[in-house]
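Reader: Hi! Could you put the model up so we can chat through its binding sites?

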Amino acid sequence: MATITAAEVFVTSAGRNFVTLRITTSDGVTGLGDATLNGRELSVASYLRDHLVPLLLGRDPARIEDMWHYLYKGAYWRRGPVTMTAIAAVDTALWDIKGKVAGMPVYDLLGGLARDGALVYGHASGQDTAELLDDVARFKDLGFRAIRAQAAVPGSPASYGVRHGDGQGYEPAAASLPDEQLWHTEDYLDFAPRYLTAVRERFGFGFHLLHDVHHRLTPTEAGQLGHRLEDLRMFWMEDPVPAELQDNFRQVRAATRTPIAVGEVFNSIWDCEQLISERLIDYIRASVVHAGGITHLRRIFHLAELHQVRTGSHGATDLSPVSMSAAVHLDVTAANFGIQEYMAHDPLAFEVFTPGYTYRDGALYPSDAPGLGVEFDEKAAERFPYDPRYLPVSRRRDGSVHDW
Ligand code: CS2
Ligand code: MG
């Protein structure tokens, strides 16, 4: 029986901060896990280095399910983004190792391909409607068949989801201290339906149109917005309200037929059990890196499948190529796959990571190499030391803190 002989944690800032776990076995096989938690990276690095690595050494890497419960139940203090991201990194690395030992890509360990590629969506944005429309055209030219649209709200100097520069990604953690951004719900509710309507008027209905509210409305406001968007046939309205109180979604659901997606901030099946079992949402966005790894996310996907809720996993640039590779292996095997978020990383990231997926014609395709097919260059990673970055904070006009 092979045993775990090393577990190393790497914090690097290749285009942005990433935390990566590498597990090595007595057979010399290595596996990778993503442990990136945007704005709180060092907490997960410490949870791994100081609390989990000593528990991993000497254990059997093949016992993935046992390891998951050992780390989850053994913590006593269950759930939460730091704990579940650390467990996710270990779990993902063990699936990578299992695939390499078996000589099979992880998607084959998960039951084999249900589809060749995973439909993805890109992120069009603009400082105004005209700029947004040009950006939607750009993403259509790049082959995207699903596009998220976000535009700056007039009067709000910094709006969520509006990219700076000409890449594909939107990098919110851009400041060494939280950037305090003004938010005014009424301005947003007046403007967002107008620019989303402009997108449909310009480009029609031949592609999926998505929008991210980013946790900022009350259930009443979210119902109003969803109702106003119904004629635009949105693929989804994302994170309409903060999701701590799952009951709140009953009111949103009753007020609109616009499909609802939620879950990128969830870290366990218990965060979404009611939303899924009561069908209060249409898509679950939980991710490999923040929801306990492949083992736990697969459980969430199976619960969702039972209730005809489809998957729509998070895939922003603060998920490293490691967890994005794992995501695609899950996506191509899930019966209830819906869509995968995909923001191309800063090119610097690929000086450190070789991804286990390729983008082609609006979809991501998994590597068929054994394991996840992702590689990590430790030497290159050393060239990019950690660079503390924080997510923004929203403040209302009266100065009080709002949901960002
Ligand atoms: C966003 C994210 O991709 C999304 O849907 O909600 O960009 C989110 O703001 C970041 O992942 C936060 O780190
Ligand atoms: Mg989002």
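Reader: Which protein donors does the magnesium ion (ligand 2) have?
Author: In this predicted model, they are Asp212 (OD), Glu238 (OE) and Glu264 (OE), lying 2.0 to 2.2 Å from the ion. Donors here are N, O and S atoms within 2.8 Å of the metal (3.2 Å for Na, K and Ca), with water not among the atoms, so sites may look incomplete.

Reader: What spacing do the donors follow along the chain?
Author: The pattern is D-x25-E-x25-E. Glu238 sits in strand S8 (residues 236-238) and Glu264 in the loop between strand S9 (260-262) and helix H9 (273-277), so the pair ties together parts 26 residues apart in sequence. Strands (E, at least two residues) and helices (H or I, at least four) are DSSP runs numbered from the N terminus.

Reader: Switching topic, which side chains have an N or O atom close to an oxygen atom of ligand 1?
Author: Among them are His214 at 2.8 Å and Glu238 at 2.9 Å. A polar side-chain atom of Asp212 is 3.0 Å from a ligand 1 oxygen. A polar contact means N or O atoms within 3.5 Å.

Reader: Any ground rules?
Author: Residues are numbered from 1 along each chain as its sequence is written, while chains are lettered from A and ligands numbered from 1 in written order. Local features need pLDDT of at least 70, side-chain atom pairs 80 or more, while totals for chains, interfaces and linings use all residues, and side-chain values use heavy atoms, leaving out hydrogens and water.

Key. Polar contact = N/O pair within 3.5 Å; in protein donor to acceptor, adjacent residues only side chain to side chain.
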